[in-house]
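These are my notebook entries on one protein chain. I looked up its overall build and then one helix with its surroundings.

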Amino acid sequence: MDRQKQLKKLLKEVFGYKDFRLEQSNIINSVLDGNDTMAIMPTGGGKSLCYQIPALFGDGLCVVISPLISLMKDQVINLKQNGVEGHFLNSSLSSDERREVERKLRRGEVKILYIAPEGILSQYILNLLSEVKLNLFAIDEAHCVSQWGHEFRKDYTKLSILKDTFPSVPILALTATADKRTREDMAHQLRLKNFNTYICSFDRPNIQYTICERENEIEQLDEFIQKFHKNDTGIVYCLSRKKVETITEKLKDLGYHAISYHAGLSSEERNRNQEIFSSADQVIVVATIAFGMGIDRPDVRFVAHLDLPKSLESYYQETGRAGRDGKEASAWMLYGLSDVVKLSRMLEMTEASEEYKQYARFKLDFMLSLCETTSCRRKMLLSYFDEHIDDCGNCDCCLEPQEMWDATKEAQMMLSCVYRTGQLYGSSYLIEVLRGSKNAKVLDRGHDTLSVYGIGKDVDKKVWDALLRQLLMTNYIAIKNFEYRTLALTSRSKELLRGEVSLKLRKKKEEGQVKIIQKILSGSAHTSHGREDLFEKLRGLRMDIAKEMKVPPYVIFNDKTLHDMCNIMPRSKDEMLMVNGVGQSKHEKYGDQFLKVIGEYI
Ligand code: ADP
């Protein structure tokens, strides 16, 4: 049998999948030909199979360097379900367990070993590995080697030791960060030689992107969940630990099963919450970015951002955690003027080199443009990763085109107000003056006598906020003092004041995105082929097995596989093996139980 056929047979028999996705097949072949390989695939694209299949195909051990203990554990549980001998070596093992893994390694019984970067750097492990036949090093989240990436880890930079110690073992570097500079860094730091690079499409068409202006965030979030994700599992990202706690409490008060996750929690609490997140149905985790790389759950239906992430890489990676199973999912974000000010301030206050700051500023500007854009959001997002698509038809801008209005006159009022008050104040104060506030501070300073006092009283505060965001983004106004957040004119302000350029703002939408998502979800939700009752029965069985086995339900079968069962309605082993996601091992373990439920239904 030729290699391609054998690979497909492995894919079906072990993992239950019919076809390779994206560049999986090319990546696997490159590795099997003994080449160093760089694979850039979006989150949820299927990176794990790119090393798991070669590991099963050849003799010897595949070592996976992975940054998170929780991720290793999940991967190993998943492999075991598929009948693959996978193990991990990390600090969570007892010394007996560790010795057992080492014994198995020496006997050549392990196919895949997960290990943290700091683990592999120890001389003891390097010696151990030199006693074993190695077939591949897979470096997961390989962008962590790069300072230009957004998740730099010092230990990763020492991984050059792998090539130095084992020059003939190919390295597969995997990441979801496509940025060219980061890629170059990865190749350099890992000492990749004559390597092949595969960059997959970053598009995740099943995720619907929506970005709204922040008004009352908890009300907006509640409305969003109630309307579209009432019984779903989701992640809500916030910037600070304090906000995570507050939002969790508010969600609990509203009756949701919500839990927190941030670096300030004790490690027991974090582990417990991570465990709940991976095993419970209908749970919402409110988290800082500390909740990240360990998330493997394929059926996260929404990722909500209540604060703006620092860069598009972070945003895309975080939103990519929704809908890994390929079913409809939402990425929903709120943003406002305070984000612009807060993030710019954080950036200016860091003690980084000017070169780094400039780079970070560029990233932040791009993030802000994404929020303000009135054209296809996905097109813009993907263009950042050098991928060019037509309008996507599945983001708020495509589904409900924005109407614009000419705000040049109001922009001139604002610039005059900044100037007349001496370029000494922040946004709220400037808006108060324009709206003719009787606030004591305004009166004491005599600003009620200025020509700009009260000239904008008919304009809503929210509109002034939106206008200021635009002015900041387009550099007609700048933040002069980051500590006091005071605003000042720039060299460009004159153009606008003289009317040489105009400024357009979006018209406020009434129910905006709410209508949109409904349109999409109602159109394509029939994934159980009208057999929702059977789906619920299969889901119940899955939960019972998961509880008994003490593993997350999706490890047994994911939702997509259950839906496929509802579609195919298998009555025999052969028919069950046709279901996507059912391999030999899982069929032996659970096939009969699921066949029984389907039989009863028929
Ligand atoms: P990544 O690490 O790239 O974020 P994973 O390796 O976790 O993604 O894969 C995401 C999901 O897609 C998993 O549930 C995995 O089993 C599934 N998957 C991967 N490859 C395929 C394939 N060829 N066909 C069907 N499902 C796949």
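I took helices (H or I, at least four residues) and strands (E, at least two) as DSSP runs, numbered from the N terminus. The model is predicted, and I required pLDDT of at least 70 for local features and 80 or more for side-chain atom pairs, while totals for chains, interfaces and linings use all residues. Residues are numbered from 1 along each chain as its sequence is written, and side-chain values use heavy atoms, without hydrogens and water.

Entry 1, the whole chain. I found 28 helices and 17 strands in the protein chain. The radius of gyration, taken over C-alpha atoms, was compared with the globule rule of 2.2 Å times the number of residues to the power 0.38. The protein chain has 27 Å, which agrees with the value near 25 Å for a compact globule of 602 residues. Along the principal axes, its C-alpha atoms fill a box of roughly 85 × 60 × 45 Å.

Entry 2, burial. I called a residue buried under 20% relative accessible area, exposed over 50% and partly exposed in between (1.4 Å probe, protein chains only). By that rule, 55% of the 602 residues are buried.

Entry 3, helix 2. I noted that helix 2 spans residues 24-32 and has seven of its nine residues buried; among them are Ile27, Ile28 and Val31. Counting contact as heavy atoms within 4.5 Å, I listed the partners of its buried residues, including helix 1 (3-15), helix 3 (47-57) and strand 5 (134-139). After helix 2 comes Gly34, with a positive phi near 90°.
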